[in-house]
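Work through these exercises with the structure at hand. Each task is followed by its solution in steps.

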Amino acid sequence: MSPISKTMTLAALALALSAQSASAGSPLPKKYRQLTDEASLSFALPTRAAFRAQFTDNTDFKFDLDGSKATTGNGGGSAQTLSAAQLPSLTGEKVAMVKLVLEPCGINLPHVHPRATEILYVVDAAAEGVLTAFVEENGGRTIENTIVTGEAAFFPQGLTHVQVNMGCTPATMIAALGSDDFGVQTITTTALKGLAGAEGLGEGLAAALGISQDQLAVLFGGFPDGPAIGAAECRQRCGLP
């Protein structure tokens, strides 16, 4: 090795060691280091055990899902998520879960999980069950099922899917997802609305839908956040306003 190469190698090693020292706290026995500050969490450790060793409290590996903040949309239900964003020790474990509650007639709007397949299990629902569907790739079919208490359905990674509570009492579900960072893109309020708002795309999107740009603006301005209240027919059947 030339003197210049040797010098550069030693310099790089020194920088790496100093960076590790800066991000690590007091040393553990043998090969691991613990972090004293969650803000300095390192994701570049050589083993999963070394990564977990950064979490010094046993409670870093549990989560109060029922007590966590819920996404409530416009009144159609709520969703409480457990992923790496809520529990950093879960990072890299390729699993997450969501507790989904849909109010009577409520709908979990059509959406995509770009990084995970989902299995949805019905904990409790009315006899009418939960209507589920996902749409295959271009040229494929729509897979539609109604699942009741004790049943489950799955939605392949990257495909648009939806759930609707067909009953007149709340439906509680648990979703298991195959990524600790599964991602969500809602078709109406994120994908289509984002394209409509992009410079130069609104006119083309309006033409594709067969409406004017003014009508397009009105259309996207009326899209609810999810989970959303359901169809008027269902709500009338359930005696809801």
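**Exercise 1.** In this predicted model, determine how strand 2 and strand 9 pair and over how many bridges.

*Solution.*
- Locate the two strands: strand 2 covers residues 96-102 and strand 9 covers residues 171-177.
- Their pairing is antiparallel, and it runs over seven bridges.
- Pick one bridge as a check: Val98 is matched with Ala175 in strand 9.

**Exercise 2.** Place this pair in its sheet: give the strand order and name the edge strands.

*Solution.*
- The sheet is open and has five strands, ordered 1-2-9-4-7.
- The pairing in the sheet is antiparallel.
- Strand 1 (77-82) and strand 7 (152-155) are the edges, since each pairs on one side only.
- From one strand to the next, the twist averages 20 degrees.

**Exercise 3.** Find how many disulfides the model holds, and give their connectivity pattern.

*Solution.*
- Apply the cut-off: the two cysteine sulfur atoms must lie within 2.5 Å.
- Cys105 and Cys234 pass, with sulfur atoms 2.1 Å apart.
- Cys168 and Cys238 pass too, at 2.0 Å from S to S.
- The count is two disulfides.
- Number the bonded cysteines along the chain: the pattern reads 1-3, 2-4.

**Exercise 4.** Characterise the link of Cys105 and Cys234: handedness, location and burial.

*Solution.*
- The angle about the S-S bond is -80 degrees, and the link is left-handed.
- Cys105 sits in the loop between strand 2 and strand 3 (107-112), while Cys234 belongs to helix 6 (residues 232-237).
- The disulfide therefore ties together parts that are 129 residues apart in sequence.
- Buried means under 20% relative accessible area. Both Cys105 and Cys234 are buried.

**Exercise 5.** Do the same for Cys168 and Cys238: which hand does the disulfide have, which parts does the pair tie together, and is each cysteine buried or partly exposed?

*Solution.*
- The S-S torsion of Cys168 and Cys238 is about -75 degrees, so this disulfide is left-handed.
- Cys168 lies in the loop between strand 8 (161-165) and strand 9, and Cys238 in the segment after helix 6.
- The pair therefore ties together parts 70 residues apart in sequence.
- Cys168 has 34% relative accessibility, so Cys168 counts as partly exposed.
- Cys238 has a relative accessible area of 18%, so Cys238 is buried.

Note on methods: Residues are numbered from 1 along each chain as its sequence is written. This is a predicted model: local features need pLDDT of at least 70, side-chain atom pairs count only at pLDDT 80 or more; totals for chains, interfaces and linings use all residues. Side-chain values use heavy atoms; hydrogens and water are left out. Two strands pair if DSSP finds at least two bridges between them. Helices (H or I, at least four residues) and strands (E, at least two) are DSSP runs, numbered from the N terminus. Axes are lines fitted to C-alpha atoms, for helices over the stretch in contact, and angles run from 0 to 180 degrees between N-to-C directions. Buried means under 20% relative accessible area, exposed over 50%, partly exposed in between (1.4 Å probe, protein chains only).
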